[in-house]
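Let's take a friendly walk through a protein chain, stopping at a few places where the details reward a careful look. Keep the picture open as you read, and find each spot for yourself.

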Amino acid sequence: MIETQVQKYSDEEIFSALNPLLAKWFRWKFGSFTEPQRYAIMNIHQRQNTLVSAETGTGKTLSAFAAVLSELITLSESKMLEDKVYCLYISPLRALSNDIEKNLKEPLAEITKAGKKLGKDINVRVAVRTGDTPASERAKMLAKPPHILITTPESFAILLNSPRFKAHLQEIKWVIVDEIHSLADNKRGMHLSLSMERLQHYNPNFARIGLSATIAPLEEIAKFLVGMENAETPRGCRIVDVNFLKKMDLKVLSPLPDLINVTQEQIHSALYKTLHELIQEHKTTLVFTNTRSATERVVHYLKENYPKYYSKTNIEAHHSSLSRELRINTENRLKEGKLKAVISSTSLELGIDIGYIDLVVLLGSPKSVARAIQRTGRSGHKLHDQIKGRIVVLDRDDLVECAVLLKNALEKKLDKISVPKNALDVLAQQIYGIAIDSKIHIDELLKIIRHSYCYCTLGRNDFLEIINYLSGTYTSLETRNVYAKIWHDEASGIIGKRGKLARVLYMTNIGTIPDEARVKVKLGDFVIGTIDEGFLERLHKGDVFVLGGQSYVFRHAIGMVANVSGAEKRPPTVPSWFSEMLPLSFDLALEIQKFRKLMEQKFSARRAKAEIIDFINSYLYVDKNAANAIYSYFHEQFRYAEIPHNEKLLVEIYKEEEMRHAIFHSTFGRRTNDALSRALAYVIGKLVHKDIEIVLDDNGFILSADTKMPIEHAFSLLKSGNLRMVLEKAIDDTELFRRRFRHCATRSLMILRSYRGREKSVGKQQMNARLLLSAVKRIGNDFPILRETRREVLEDAMDIRHAEQLLKWIENKEIEIKIKTAELPSPFALNLYSQGYADIMRIEGRLQFIQRMHEKIMRKIGE
């Protein structure tokens, strides 16, 4: 049973339960316990599964380790501490692993010293085992295992297949999963959930402890952590939910009173002036941008324009493209208080201890309430510090989005994450690992797998198809070098490993994170430059994009080479920063739409301007500049067209020279819009026998063609019941599908990244995947890894679940579709419409384009 922990223990009760040496150290170091510790320590002491959700800097990590250390110190004192692993700590970040080791070794050293004075010999060993651990260290661990082992999900899976080390894991008492919120919604987490079930199979008596930042729904995260007793019932878990302990000082800042009638120079200078002032008013500031390129730009601009204040010694960039050494150097200097500011993309979101930060600035929307709280929670890293965050916005859509986001953050309304289910590629990899470990009956194997919450609904047929693939049933794949990896005796139902190299093959190809590389762009034989692979995924044949200031038309890709031709005078359909942008969460998108509905009601009732501005101020947490800008934006939209909202999907038809554009005001987030726009484009394309161009963002999408588009007819054909079928056809021949097939084929070990010491480049992997895809399609569309690729594209890359929900609302008349012809795109459409132009014009040009359109709209309103 999963239940919220209501019993809070007093400090004295906890002190008396802990080992006296640890209790004394705790009193000396902290004086008292924090709220998460008062709820969690005794649970963990009693070996109960526990999920602790709290902000950064509230003592979460020690709430997990206090009971563990207490027991190990007591065993050490009484000379009963054996050479085996008692506690496994799993972290998604290698950097976090090193951090925890340091944070554990310090108190242990102090306690050992105190014990010596009393004639007590304390010897609790802590070690880190990740991909970076040298072979000599691993050999030492094998001979004398640490009592607390700190590792990553991938290294944990390797340890389960290391016969000699696995013996040290047989009697583990605790498994702690840190930053569990960053694992629960992806394949890395699914892989970990199966590893946990494998450990549970050898050792049914360990307690699972999860540490999470502010996230929802906690019941789902708890099920993910503890797994299932049977198909319907999760194992028991206590949820310690002590979020929102710290006071939050959060504000949205608009650097200018008017975000439309300004030059790019004015916006630029106001942004950096605001940012510079915020940094100078504080001791240490952490700034989050949403892309790696923006991170570099901000650092460069501040150094160039404020040389007196910033230099190499006091401002740094931190993102995943930088080397590990550079990142660690920045983290250490941040901890030591040597940096005035650090500019990061997403790489400092997770809980590495980064010392004292008194302000977090977000440039642009973080796209989800939980992410905003996690990012701003990096400030005030200690318990009684206040969280201080400022979100700086530069356009009107961002302003409305961030204002609604902030309202939800302060009112504790979190967006929900969902735990993915039944990924067949991860399943194949783990079944191979289990078969290598020992022979097993397939019924017992299926039982182990179904104990994972991610696989509790796995169908027997899907399971048997993976067994068939791994055991070499599809012999035609041998021409593409895909050979049987296990044997399966159908008479007895037993499976086992094949070949002497099985263990080495498995250990050198383990994991779920795909290799990524830059893609060369070629015009004929001439290499123009490179693009991100995530960007290539977005491209359809005929799409226009910009590289090095020039427009090109995408033709096709082979391996890691994209072939293009020179573009005609068409605006780009996919902006260059698309692959780096975070998608808006569906829940937050709905909250924005609800606010729009309230605004429409105010304008329809002909309320006075002052009254509406009062309403904005009472509903949202914004400054004067922002309230006026929001009023003007909605007023213009209401006067020129009408306000789309959660019960009205507005579609504007706009003709521009030969092209017709259908602009859909669907603020449901980019992943939902991706699914809906592709399905509609596919249906309309079949009706008019032409290719339909798509431009999309979080607030809507545009379908374009050089002919009239039968939108109402398309909606009458596209239903929630057939959306999946339509989308499967629409994605079948896309770059997105081909790249994701490579990822799934690599995870399921159809393609080996490493073989006999030789690494296979991403280009070679992609070429293999291309040939393999043809071979698999000849076997049939139901081949399990093909089905998994479709599932990943529709459920993970896109959001088909919410797109189906949206179509249901339309079918049930809960959402009305309003189609209007427009002489110009309406104010709400300007950002989306000008998106395609963002790359051919400099930013200055795009702004002028929006201003010209805006002037025409204002003239129409005046008329």
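We begin with asparagine 481, which is found in the loop between α18 and β16. Keep in mind that this is a predicted model. The phi angle of asparagine 481 is near 65 degrees, a positive value in a residue other than glycine. Is asparagine 481 buried or exposed? With a relative accessibility of 56%, asparagine 481 counts as exposed, because the cut-off for that word is over 50%.

Compare this with asparagine 422, which sits in the loop between α15 and α16 (424-437). Asparagine 422 is not a glycine either, yet it has a positive phi of about 55 degrees. Its relative accessible area is 18%, so asparagine 422 falls under the 20% limit and counts as buried. Another backbone detail waits in the loop between β7 (207-212) and α10 (218-226), where you will find proline 217. The peptide bond leading from alanine 216 to proline 217 is cis, and its omega is near -10 degrees.

Now let's return to the loop between α18 and β16 and look at rings. A pair of aromatic rings is described by how far apart the centres are and by the angle between the planes. How many aromatic pairs are there in this model? The count comes to 26 aromatic pairs. In one of them, the ring centres of tyrosine 474 and phenylalanine 783 are 5.0 Å apart and the planes stand at 70 degrees, so this pair is edge-to-face. Tyrosine 474 belongs to the loop between α18 (460-470) and β16 (486-489), while phenylalanine 783 belongs to the loop between α28 (762-779) and α29 (784-797), so the pair ties together parts that are 309 residues apart in sequence. Tyrosine 474 is partly exposed, at 22% relative accessible area, whereas phenylalanine 783 is buried, at 2%.

Phenylalanine 586 and tryptophan 809 give us another arrangement. Their ring centres lie 6.4 Å apart with the planes at 20 degrees, so the pair is stacked. This pair also links distant parts of the chain: phenylalanine 586 is in helix α21 (residues 586-604) and tryptophan 809 is in helix α30 (residues 800-811), 223 residues apart. Both phenylalanine 586 and tryptophan 809 are buried.

Rings can gather in groups, too. Phe595, Phe615, Tyr619, Tyr633, Phe634 and Phe828 form one aromatic cluster. A charged neighbour joins the scene at tyrosine 619, where lysine 407 lies over the ring face at 3.9 Å from the ring centre. Elsewhere, the charged end of arginine 27 sits over the ring of phenylalanine 15, 3.9 Å from its centre.

Next come the strands. Strands of a sheet pair through backbone hydrogen bonds, in either a parallel or an antiparallel way. One open sheet has 3 strands in the order β15-β17-β16, with antiparallel pairing. Its edge strands are β15 (440-441) and β16, each of which pairs on one side only. Strand β15 meets strand β17 (residues 494-497) over 2 bridges, and there histidine 441 has isoleucine 494 in β17 as its bridge partner.

Strand β18 lets you see both kinds of pairing. With strand β19 (residues 526-532), strand β18 (residues 518-523) pairs in the antiparallel sense over 6 bridges, and lysine 520 stands opposite threonine 530. The hairpin of β18 and β19 has 2 residues between the strands, and glycine 524 takes a positive phi near 65 degrees there. With strand β22 (residues 561-566), β18 pairs in the parallel sense over 4 bridges; here valine 521 has alanine 562 as its bridge partner.

We finish with two helices. In helix α14 (residues 369-376), 8 of its 8 residues are buried. Among the elements covering them are β9 (248-253), β10 (285-288), α15 (396-410) and α21. Serine 368 caps the N-terminal end of α14, with a side-chain oxygen 3.0 Å from the backbone nitrogen of arginine 371.

Which residues of helix α26 (residues 723-731) are buried? They are Leu723, Val726, Leu727, Ala730 and Ile731. Seen down the axis of α26, these residues fall within an arc of 120 degrees, so they line one face of the helix. An α-helix has 3.6 residues a turn, so residues three or four places apart point the same way. The cover over the buried residues of α26 includes α24 (670-688), α27 (735-747), α29 and α30.

Key. Residues numbered from 1 in each chain as written. Predicted model: local features only at pLDDT ≥ 70, side-chain atom pairs only at ≥ 80, totals over all residues. Heavy atoms only, no water. Phe/Tyr/Trp six-rings, centres within 6.5 Å; stacked < 30°, edge-to-face > 60°. Buried < 20%, exposed > 50% of the residue type's maximum accessible area, 1.4 Å probe, protein only. Lys NZ or Arg CZ within 6 Å of the ring centre and 35° of its normal. Pairing = 2+ DSSP bridges. Contact = heavy atoms within 4.5 Å. Polar contact = N/O pair within 3.5 Å; in protein donor to acceptor, adjacent residues only side chain to side chain. Arc of directions from axis to C-beta.
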